[in-house]
Amino acid sequence: MGFLPATFEGDFKTVWMPLIFRLVMIAVACLLIYLAISKGFEPYLLIPIGIGMLLVNLAPALYNFGINKGPNDGIFDFLDPNKPNAVHPGLFDFLHLGIEWEIFPPLIFLGIGATTDFGPLISRPSSLILGAAAQVGIFMTFLGALLLGFNALEAASIGIIGGADGPTAIFLSNNLLDGADGGSMLCASIAVVAYSYMALVPVIQPPIIRLLTTKKERQIKMEQTRPVSKREKILFPIVVMIVVILIIPSCAPLIGMLMLGNLIKESGVVPNLVDAASKVIMYVVTIVLGLSVGATAILTDYTQALNFIYILILGMIAFAAATASGVLVGKVMCKLTKGKINPMIGAAGVSAVPMAARVVHKIGLEEDKSNYLLMHAMGPNVAGVIGSAVAAGLLMALLG
């Protein structure tokens, strides 16, 4: 803008540029709300995220902390009237504490655990291999982000998108980027991209599955797994909690809440707690989590816009790599078992429960109307939930 008078340049940078950025974010918010309502793309979270983005860009005073914070500022520096940089707290200043203090994502995991049946995984433990294979997308994207110039903390936060798990992406990015310059907007971008691609699983996965498998492989019918006893279902969350947390303590908040939710479900003695965790708590937290994430989407410069585009591209690579690695390992298992494993179930190793399993089941039915793969695909699918939480804990342990 050097060809303009200095006074106009000043006005542009201080008045017009922030206004343009706010209008851009308002347009993005409206797009997310449209996709959620009209196209059914992850509406439970994209609607609150879109409204959060809309509100904070229409009325910035709702999130004074997000607007005025510096890289070394804590929220109480702004809420303490005796501090020189104190501001009047807005609605999102308080709601965002649930993310700042890492409360909301573990509560979401509590609800997921209360609605998850680990029976398919228990009856076929080899599903853990497929769930682990799909996490390759996380580490491939981590390396890709490093090559694009992101630092290690930012790259790890972007890479977790490959786990196809929104709450885990929010948990890890907030943990690693809290206090970093531009960290709030990066966290918001990661959350929006993660949930957007989760909604697009039925669009992204089928072409990759068909590309990597033959018609004969897709038609493979799998034998019914053995029945799982109630004792096994009760012991499973306890054993997983002990083993995983002892090995990677940093994943305790996510794994602990996931397994707690599953234990109260399988115990059969606390139905009211199951209802509360899977319905009331989960949906209330989903609303405030979405609003809080959306409220951090405050665009302040062109670098942040460019970063969002990079994250969008890397997120697609992450999902594609996760799906491909799961299918390829499924093909290896198919060979080793002499055709007893349908390699498509490896694509369900991402954490998008139960969407990824439904995609595999649908493709199986398209190839053979008597080929029911849903329960077989649920094994890798729930293993992927555990795998993404473990991957997040590992990244936190290495980089946090």
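**Lys338 and Glu102**

I began with Lys338, which I found in the loop between α19 and α20. The model is a predicted one, and I kept that in mind for every entry here. Lys338 has a phi near 55°, a positive value in a residue other than glycine. Is Lys338 buried or exposed? Its relative accessible area is 78%, so I noted Lys338 as exposed.

Glu102 was my next stop, since its phi is also listed near 55°, again positive and again not in a glycine. I located Glu102 in the loop between α6 (97-100) and α7. With a relative accessible area of 26%, Glu102 is partly exposed.

**A cis bond**

While I was in the loop between α19 and α20, I looked up Pro354, which sits there too. The peptide bond joining Val353 and Pro354 is cis, and I noted an omega of about -10°.

**The chain as a whole**

I then stepped back to look at the overall make-up. I counted 21 helices and 0 strands in the chain. Of the 400 residues, 53% are buried. I also checked how far contacts reach along the sequence: among those between residues at least 6 apart, 76% join residues at least 24 apart.

**α7 against α17**

Which helix pair did I pick for a packing check? I took helix α7 (residues 104-115) and helix α17 (residues 252-267), whose axes are 6 Å apart and meet at an angle of about 30°. The crossing of α7 past α17 is right-handed. From α7, the contact residues include Pro105, Phe109, Leu110 and Ile112, and from α17 they include Leu254, Met257, Leu258 and Lys265. How many nonpolar, polar and charged residues does the contact have? I wrote down 11 nonpolar, 4 polar and 1 charged.

**Val274, beside that contact**

I followed Lys265 of α17 to Val274, because Val274 touches Ala114, Ile264 and Lys265 once residues up to four places away in sequence are set aside. Val274 belongs to helix α18 (residues 271-295). Its relative accessible area is 15%, so Val274 is buried. I also took the C-alpha distance from Val274 to Asn262: 8.7 Å, with their positions 12 residues apart in sequence.

**Aromatic pairs**

For rings, I worked with two numbers, as a pair of aromatic rings is described by the distance of the centres and the angle of the planes. The count came to 4 aromatic pairs. One of them is Phe150 with Tyr310, edge-to-face, at 6.2 Å centre to centre and 85° between the planes. Why does this pair tie together parts that are 160 residues apart in sequence? Phe150 lies in the loop between α10 (136-147) and α11 (152-159), whereas Tyr310 lies in helix α19 (residues 302-336), so the pair links those parts. Phe150 is buried at 7% relative accessible area, while Tyr310 is partly exposed at 27%.

I looked at Tyr197 and Phe319 next, an aromatic pair that is tilted, with 5.6 Å centre to centre and 50° between the planes. Tyr197 lies in helix α13 (residues 183-199) and Phe319 in helix α19, so this pair ties together parts 122 residues apart in sequence. I found both Tyr197 and Phe319 buried.

**Arg218**

Is Arg218 buried or exposed? I noted a relative accessible area of 10%, and with the cut-off for buried at under 20%, Arg218 is buried. Arg218 is placed in helix α15 (residues 215-218). Leaving aside neighbours within four places in sequence, I listed its contacts, among them Arg210, Asn342, Met344, Glu367 and Asn371.

**Val56**

I found Val56 in helix α2 (residues 43-58), buried at 2% relative accessibility. Which residues does Val56 touch, not counting those up to four places away in sequence? I wrote down Tyr63, Phe92, Gly294, Ala295, Ala297 and Ile298. I also checked Val56 against Gly90, 34 residues away along the chain, and their C-alpha atoms are separated by 9.9 Å.

**Cysteines**

My last look-up was for disulfides, and the structure holds 0 of them. I checked two cysteines for burial: Cys251 is buried at 1% relative accessibility, and Cys334 is buried at 7%.

Note on methods: Residues numbered from 1 in each chain as written. Predicted model: local features only at pLDDT ≥ 70, side-chain atom pairs only at ≥ 80, totals over all residues. Heavy atoms only, no water. Axes fitted to C-alpha atoms, helices over the stretch in contact; angles between N-to-C directions. Helix = DSSP H or I, 4+ residues; strand = E, 2+ residues; numbered from the N terminus. Left-handed = near helix turned anticlockwise from the far one by under 90°. Contact = heavy atoms within 4.5 Å. Nonpolar A, V, L, I, M, F, W, Y, C, P; charged D, E, K, R; others polar. Disulfide = S-S within 2.5 Å. Buried < 20%, exposed > 50% of the residue type's maximum accessible area, 1.4 Å probe, protein only. Phe/Tyr/Trp six-rings, centres within 6.5 Å; stacked < 30°, edge-to-face > 60°.
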